[in-house]
Amino acid sequence: MKLQEYHAKRLLLAQGLPVPAYSVAESAAEARQAAQAYLHTDAGRVVIKAQVLVGGRGKAGGVKLAASADEAEQAARQILGMDIKGTTVRRVLVAPAADIAAEFYLACVLDRGARRVLLMGSAEGGVEIEVVATERPTAIKQIHAHPLLGLLDHQARRMAFALGLGGPHLREFVAIARGLYATMTANDADLVEINPLAIVREKVADGTEKQTLQCLDAKITIDDSALDRHPELEAMRDIAEEDPVDVAAREQGLSFIRLDGTIGCMVNGAGLAMTTMDLIKRAGGEPANFLDIGGGAKHDKVAAAMTLILADPHVKAILVNIFGGIARGDEVARGLVDARRVQERHVPMVVRIVGTNAQEAARILAEAGDPDLQTAATLDEAVEKAVAAATAAAVAA
Ligand code: GDP
Ligand code: MN
């Protein structure tokens with residue numbers, strides 16, 4: 001689950017990281033009010049930032065500076081309602097504008113291959129890191145944290161030197177790097193990214209200037225499987241920005257992942273679902289989704305799963321592969337027949353049900369008298385028929 005910047009910054013602050021003050025506004029008037037408070041401080045300017053779960057807001061015009069309450073209100077009016085990569089902006093973050101001297105990139109990311117947390121840094125911050133990664137990969141320095149002891153001081157210092165922050169900012173940097181690691185573990189995040197981590201100029205009371213490192217942007221993604229133990233993070237979920245299909249799947253307790261093929265899959269058990277997808281590919285087809293309806297799936301879950309599959313216009317055929325254990329074949333078959341009776345879009349379906357009450361299931365499917373519903377005795381046969389049906393539908397279209 002991705003967090004909005006203002007939520008991510010709250011988690012950084014909780015770990016003691018340096019994040020400039022900010023407010024969240026849902027209207028231009030609210031933004032004006034928030035800006036007024038910050039304009040009284042030394043900053044003299046505020047930054048207004050679109051709060052959407054996509055990157056590159058700066059380039060898209062979703063980050064604007066303002067030097068007065070009027071300008072802030074106007075900037076917020078421009079940004080609110082703006083479309084950024086298909087997402088409508090409903091909130092803006094308002095903060096005192098930082099006077100940036102240099103921008104860096106720093107992130108903790110879960111490296112599943114190495115089974116460690118990876119600290120990634122670059123002196124080329126501010127721009128999209130994917131661009132740096134493809135064009136100048138050597139500009140990104142990577143250090144794995146210790147698997148048991150975490151990110152050690154000497155590792156953080158090594159990163160600091162690599163980024164040219166070995167001087168007056170060394171201590172600050174080490175604290176920030178360790179804070180990112182702490183944010184990651186405290187929240188079961190798989191990514192905590194600061195871009196830019198900036199050297200910011202500030203005026204001190206005696207008229208001199210000081211420079212500090214500050215987290216000006218924050219991106220955090222939480223491991224979905226860990227959300228059960230973080231109700232406070234689950235509450236930060238922004239359903240309005242999620243794919244409606246994902247929201248529906250979660251509500252139904254279905255494990256569903258959309259893919260880009262043409263054969264919709266309904267399977268019970270994650271391992272069987274993956275095997276089914278492998279067999280479809282081997283037979284020359286492409287799965288449209290991963291779907292595990294879970295053990296003991298009942299009638300209504302089957303209907304919900306069918307609706308999810310059919311919501312994808314690319315689906316040309318459906319393959320149902322059920323191994324009846326706790327799940328009863330007749331229950332699934334009844335769910336399938338009922339779902340097909342009410343669904344608006346009709347696509348050919350191939351069903352293979354074995355195990356508990358398989359014979360009863362076969363009888364229910366046969367009695368339905370649906371010419372587009374085929375059954376199969378083996379998985380290979382089912383896959384073959386589904387691929388053939390999808391191919392035929394593609395040719396006919
Ligand atoms: P992103 O484009 O979605 O990653 O949004 P960011 O928050 O990273 O902002 C993009 C760019 O806007 C940054 O790299 C900065 O150059 C600029 N920016 C963001 N906040 C400030 C600020 O407080 N002051 C100034 N001067 N520039 C800022
Ligand atoms: Mn950024």
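1. In the notes below, two strands are said to pair if DSSP finds at least two bridges between them. The model is a predicted one, and every value that follows is computed from it. With that definition in hand, Ala107 can be placed opposite Met120 in β8, within a pairing in which seven bridges join β7 to strand β8 (residues 116-122) and the two strands run antiparallel.

2. The connection between these two strands deserves a look at its backbone. The hairpin of β7 and β8 has four residues between the strands, and Arg115 in this hairpin takes a positive phi near 55°. Lys85 also has a positive phi, of about 45°, although it is not a glycine, and Lys85 is found in the loop between β4 (83-84) and β5 (87-88). As background for both residues, most residues other than glycine have a negative phi, and most peptide bonds are trans.

3. On its pairing with β10, strand β7 is again antiparallel, here over nine bridges, and the bridge partner of Cys108 in β10 is Val192. Strand β10 also contains Pro196, and the peptide bond that leads from Asn195 to Pro196 is cis, with omega near 10°.

4. A separate point concerns the open sheet of four strands, whose order is β1-β6-β2-β3 and whose pairing is antiparallel. Why does one side of β1 and of β3 lack a neighbour in the sheet? Both β1 (23-25) and β3 stand at the edges and have a single partner strand each, so one side of each is left without a neighbour. Averaged over the sheet, and with direction ignored, neighbouring strands are turned by 25° against each other. For β1, the pairing with strand β6 (residues 92-96) is in the antiparallel sense and covers three bridges, with Ser23 standing opposite Val94 in β6.

5. Turning to the ligand, 15 residues surround ligand 1, and the closest of them are Lys49, Arg57, Gly58, Ala98 and Glu103. By residue class, the shell around ligand 1 divides into seven nonpolar, four polar and four charged residues. The strands β2 (46-50), β3 (63-66), β7 (99-111) and β10 (189-203) each supply at least two residues of this shell, while domain 1 (1-20 + 99-242) and domain 2 (21-97) each contribute at least three residues to the shell.

6. Which residues place a polar backbone atom 2.8 Å or 3.0 Å from an oxygen atom of ligand 1? For Gly58 the distance between a polar backbone atom and an oxygen atom of the ligand is 2.8 Å, and for Asn195, the residue that precedes the cis peptide bond to Pro196, the corresponding distance is 3.0 Å. In the case of Asp217 it is a polar side-chain atom that lies 3.1 Å from an oxygen atom of ligand 1. Taken alone, ligand 1 exposes 560 Å², of which the protein buries 81%.

Note on methods: Residues are numbered from 1 along each chain as its sequence is written. Chains are lettered from A and ligands numbered from 1 in the order in which they are written. This is a predicted model: local features need pLDDT of at least 70, side-chain atom pairs count only at pLDDT 80 or more; totals for chains, interfaces and linings use all residues. Side-chain values use heavy atoms; hydrogens and water are left out. A residue is near a molecule or strand if one of its heavy atoms lies within 4 Å of it. A polar contact is a pair of N or O atoms within 3.5 Å; within protein, one must be able to donate a hydrogen and the other to accept it, and residues adjacent in sequence count only if both atoms are side-chain atoms. Accessible areas come from the Shrake-Rupley method with a 1.4 Å probe; for residues, only the protein chains shown count as cover. Ala, Val, Leu, Ile, Met, Phe, Trp, Tyr, Cys and Pro count as nonpolar, Asp, Glu, Lys and Arg as charged, and the others, Gly among them, as polar. Domain bounds come from an automatic or database domain assignment. Axes are lines fitted to C-alpha atoms, for helices over the stretch in contact, and angles run from 0 to 180 degrees between N-to-C directions.
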